[in-house]
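The following paragraphs lead the reader through one protein structure, from its overall build to its metal sites and its aromatic side chains. Please keep the sequence and the model in view while reading.

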Amino acid sequence: MLKRRQLIQLGGLVAVAGAGAAVWTAFGSRGMHGSQALAVGPFRHYPFDPVAAENFRQKLFIPVANGPFGVLNVSGPLTLRATAASFPLLPGPPSQAPSPFLLYQSEHGGATYQNPILRIESGARFTASLDNGLAEPTIIHWHGLHTPARMDGHPADTIKPGARYEYDFNVRNRGGTYWYHTHAHELTAKQAYNGLASFFLVDDDDQRKVAQALGLKLGVTDLPLVIQDKQFDAQGKLVYQPNMHESMMGWLGDIVLANLTPNAVHEITPRTYRLRLLNGSNARIYRLAFARGDTLLPFTVIGTDGGLIERPETVTQAFLAPGERLDVLFDAARAQPGETVFLKSLSFDPMENEGAAGNMGGQGMGQMMAGMGSSRLALGEAFNVLKLSVVAGERITATLPTTLSRIQPIGSEGAAERQIELSMQAMRFLINGRTFRMDEIAFEVKRGAVEIWRISNPTLGMPHPMHIHGFSFQVLERLNSPSQLSDMARFGQGKTVSDLGWKDTVLIWPGETVRIAIDFTHEFPGDQTYLFHCHNLEHEDAGMMINFRVVT
Ligand code: C2O
Ligand code: CU
Ligand code: CU
């Protein structure tokens, strides 16, 4: 079980740690679920191990007005050039070269940006050229945005090296935290992992009201925060080498980055902060919570994938699956200088490989496969994401508006119900028995129709974050949820806080059925073909994706 990579590159001491981790994933992972234990013994520790709180010493990277992840206020046409570059992800000796990294380069209004955080007003026109400066095909998809199919970055529109793709659409979405990333055919996982992703923030009056009420400032007290897990070699370079098991289950990292900062720490003053959390990981699901020592602290959710929810909702934890966003407020107004709070991921049962053995034709095969990942941090293990250090500053107690926005429920009475079944066959995950084919339309939907999709995930498999292009939806109901989810279902019909408001991605646990409502009204001329896929990016690339066509 010990990976050659760990043996060769990490040397004696860490190789032992690798062995420890492998033992844990092979034999220990089931036993660990439910326990909130953070310490799993001396074998646990490796450089930048996010389980170890004392590792959290790197200043959190905060986007500024330009440079990497600079906030780019879109005014007029934009050029984004996908390029192979390098980026200093892991701190190391001065001799350590930065890691190879893929970036969108842009010049706008006299400033230079890499992976800019695009910021635009709802209703504004967005015009951008993608220049492919990579040695391989690519395309950009605007995750969550309601665009005509031609502007959506379908893998069929993937462009060759040296080619250009022109985008031009109106931003029809309400204010919210959206994002953009590569959707290159069968290369999405690798390219997104290596850097091709950033935020797409849409502003509107509701957003401004919240910002005003709380005195929030983007980049200061309103922080876009992308959470990702990655693997590195001993030289601090990104590693992406999924084996057969990892291509099937998803690639997991063992170093957790917040805004590309490993073991990040950020100083906060006694006031309210808005964190726009984005799970930009390939496959890892987070069970997010704020904790002081062992005590979980309440936080307030104000938004999900498609902008603000109706009312602020206070919770102590929430799942966040790849592709999903959660806008949260953390109130430090009563905290004392010197206090430390961790944003962490609590342990959970990943519910992987349930019955997979039978499907792969051998008793115990599933168990054996479970130990074959190269990550030293198994899915469902507890770890820290970000350390918040309270420092002295003006104490500001703010009052939140009781109403944040208006969510008009989709009128789904009597709407047709479409069955969507996720399944697994021959080590592949399928949607309604299909694997992706570029020129195949899995089904047609009538433009203007309201449909209910009843998405079910059999117990044999793993959780899948299912994502729809072109439209936002509303979660109606969760049925037969595992107890670790139904325990936090406080919002009726089995819904958790992550299911509120407008969504574009929803996590479906093994055994679960989730009913969502979608309104297929759009204003684009002609038929439109969009994707429905799993946002576990290895699953997406392996074909857990279908085309559907909205026809007139
Ligand atoms: Cu964020 Cu089709 O993906
Ligand atoms: Cu998308
Ligand atoms: Cu999946």
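The model shown here is predicted. Its protein chain contains eight helices and 36 strands. Of the 552 residues in this chain, 61% are classed as buried. Among the contacts with a separation of 6 or more, 81% involve residues that stand 24 or more positions apart. The chain exposes about 20,300 Å², and carbon and sulfur atoms contribute 53% of that area.

Attention may now turn to the metal sites. The copper ion designated ligand 3 has three protein donors, namely H464 through ND1, C534 through SG and H539 through ND1, at 2.0 to 2.1 Å from the ion. Along the sequence, these donor residues follow the spacing H-x69-C-x4-H. Buried means under 20% relative accessible area. C534, with a relative accessible area of 0%, is therefore buried, and H539, at 2%, is buried as well.

Which residues are the protein donors of the copper ion that is ligand 2? They are H141 and H467, each acting through NE2, and they lie 1.8 to 1.9 Å from the ion. H141 belongs to strand β9 (residues 140-143) and H467 to strand β31 (residues 464-468), so the pair ties together parts that are 326 residues apart in sequence. H141 is buried, with a relative accessible area of 1%, and H467 is buried at 0%.

The aromatic residues form a further theme, for the structure holds 29 aromatic pairs. In one of them, the ring centres of F126 and F200 are 5.2 Å apart and the ring planes stand at 70°, so the pair is edge-to-face. This pair links distant parts of the chain, since F126 is in strand β8 (residues 125-132) and F200 in strand β12 (residues 197-203), 74 residues apart. Both F126 and F200 are buried. Y240 and W251 form another edge-to-face pair, because their ring centres lie 5.4 Å apart with the planes at 70°. Y240 is in the loop between β14 (238-239) and α4 (244-249), and W251 is in the loop between α4 and β15 (255-258), so this pair joins parts 11 residues apart in sequence. Y240 counts as buried at 19% relative accessibility, and W251 is buried at 1%.

Ring pairs also connect Y104, F126, W142, Y165, Y167, F169, Y180 and F200 into a cluster. Finally, charged side chains are placed over aromatic rings. K230 lies over the face of Y193, 4.4 Å from the ring centre, and R376 lies over the face of Y46, 3.9 Å from the ring centre.

Conventions:
Residues numbered from 1 in each chain as written. Chains lettered and ligands numbered in written order. Predicted model: local features only at pLDDT ≥ 70, side-chain atom pairs only at ≥ 80, totals over all residues. Heavy atoms only, no water. Donors = N, O, S within 2.8 Å, 3.2 Å for Na, K, Ca; no water. Buried < 20%, exposed > 50% of the residue type's maximum accessible area, 1.4 Å probe, protein only. Helix = DSSP H or I, 4+ residues; strand = E, 2+ residues; numbered from the N terminus. Contact = heavy atoms within 4.5 Å. Areas by Shrake-Rupley, 256 points an atom, 1.4 Å probe, with all protein chains shown as cover. Phe/Tyr/Trp six-rings, centres within 6.5 Å; stacked < 30°, edge-to-face > 60°. Lys NZ or Arg CZ within 6 Å of the ring centre and 35° of its normal.
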